[in-house]
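Me: I am new to this protein and would like to understand the words people use for it. Could you look at it with me?

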Amino acid sequence: MLKPIIVVGSINLDLVVGVQRLPKPGETLTGHDFETFFGGKGANQAVAIARLGYPVQMIGRVGDDAFGPRLRGALQQAGVDVRAVRPVRGASGVALIATERGGQNSIIVVPGSNAALTPADLEPYAPRLQCAGMILCQLEIPLSTVERLAEMAGQFQVPLMLDPAPARALSSRLLRRVTWLTPNESEAVALCATSGPRPTPANAPSMADALLRRGVRNVALKLGAQGAYLANALGGVYIPAWRVTAVDCTAAGDAFNAGLAIALMEGATMGQAGRFAAAVAALSTTQPGAQPSMPTRASVRRLLKHGSPAAASLSQ
C-alpha cells in the first residue's frame, strides 16, 4: 500500500484578471476578462497530486464564509482526503492575480483563514504525519506552524518538501530540517540574501551550493521557462523546460512540486524526478486557472513520450 503524501498549507479562492500586460506602479489598466478559481499553494499541490493518481491528504483551514464550503468541496471532488480541512471563524484566504497574455502573472495573497492554522493544530494529526510518505508545505501559513511541522517531520523521519513561497528569510535551523527545498528564481535570491543576478542555467549550480551549505539536503531551483536545476551533496542535474504554449503560469511551481514528490516516492532518481516534475509543470501552464490546469498522469506520459524539451544548457 502506498504511503500518502500529506500537504499542510494554504487554501484560497483565486480572483483572476486577464490583462494585456502587467501594470506598472501607480498605473490603472483595463482587464479583458475576470474569473474565479480554487487555489492556494497548498491546495494546488494537493489537487495536482490527486490528479496524478497518488493518494494525498490535506491539512488546512477555510473560513466560515460562503467560500469555505466551496473550497473544501473542490478539494474533495478532486480526490483529496479533506478530513483535516476544518472551518474557522472569519474569511477564507484569497489571492488577487493579474495574468498577461504571455502567461506571466503578479499575485497578492490575503491569508484569511490560513493564518489560523497554528502549531497546536498539528498535534492531533501526529499519527497521520508519522505514517506519511512525504510532507509538503509552503509559507502561506504561519511560519511558526511550518517550523513545528519541520520538527515533527524530523521526529517521525518523514521527508519534508518546503516550497519557500512567498519569499522570506528562513533560519538555518529550519533549513537543516528540510529534505527538499524548491525555490523559484526570486525566492532563491531572497534565501541567499544576495542582490546579485537571478538564477539562470549558468549560475544555478553556485546558487544551489549556497543553499546546500545552509543545511538543506536537496535543492530544486525552479527556473520557469529556463527549466530547473536539482542538486545535493553528490552533484546536480539540469532539467530543460518542455516546449508548450503557455497561457497561465499561476500554479506551475505547485505542479512541479507535486510531480517531484510523486516521482521521488515512486523511486525515481533525481534526474528522472526532475524531468517528470518539469513535464507536470509545463502542462499546467497550457490551461487557465490553478487547480483546473493540473494535468492527469496520462497527459504527462504523452508529453514525456512525444514532447520535446526547449533548447537550453548550463552554458547559457
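Me: How much space lies in the largest pocket?

Reply: Happy to help! This is a predicted model, and in it the largest pocket holds about 1300 Å³ of space.

Me: What makes a residue part of the lining of that pocket, and how many residues line it?

Reply: A lining residue has an atom within 4 Å of a pocket point. For the largest pocket, 48 residues form the lining, and Asn105, Asn184, Cys249, Ala252 and Gly253 lie nearest the centre. Several elements each supply at least two lining residues, among them strand S2 (12-19), helix H1 (41-51) and helix H9 (252-265).

Me: How do the lining residues divide into nonpolar, polar and charged?

Reply: There are 23 nonpolar, 15 polar and ten charged residues in the lining. Gly counts as polar in this scheme, so Gly253, one of those nearest the centre, belongs with the polar ones.

Me: How many helices and strands does the protein chain have, and why is it called as compact as a globular protein of its length?

Reply: The chain has eleven helices and 13 strands. Its radius of gyration is 18 Å, while the globule rule gives 20 Å for 316 residues; the two values are close, so the chain is as compact as a globular protein of that length. Along its principal axes, the C-alpha trace spans about 50 × 50 × 40 Å.

Me: What makes a residue count as buried, and what percentage of the chain does?

Reply: Buried means under 20% relative accessible area, and 52% of the 316 residues count as buried.

How values were computed: Residues are numbered from 1 along each chain as its sequence is written. This is a predicted model: local features need pLDDT of at least 70, side-chain atom pairs count only at pLDDT 80 or more; totals for chains, interfaces and linings use all residues. Side-chain values use heavy atoms; hydrogens and water are left out. On a 1 Å grid over the protein atoms alone, a cavity is a set of points where a 1.4 Å probe fits but cannot get out, and a pocket is an open set with protein on both sides within 12 Å along at least five of seven lines; lining residues have an atom within 4 Å of a point. Grid points are joined across faces, edges and corners, and a volume is the space filled by probe spheres set on the points. Helices (H or I, at least four residues) and strands (E, at least two) are DSSP runs, numbered from the N terminus. The radius of gyration is taken over C-alpha atoms; the globule rule is 2.2 Å times the number of residues to the power 0.38. Buried means under 20% relative accessible area, exposed over 50%, partly exposed in between (1.4 Å probe, protein chains only).
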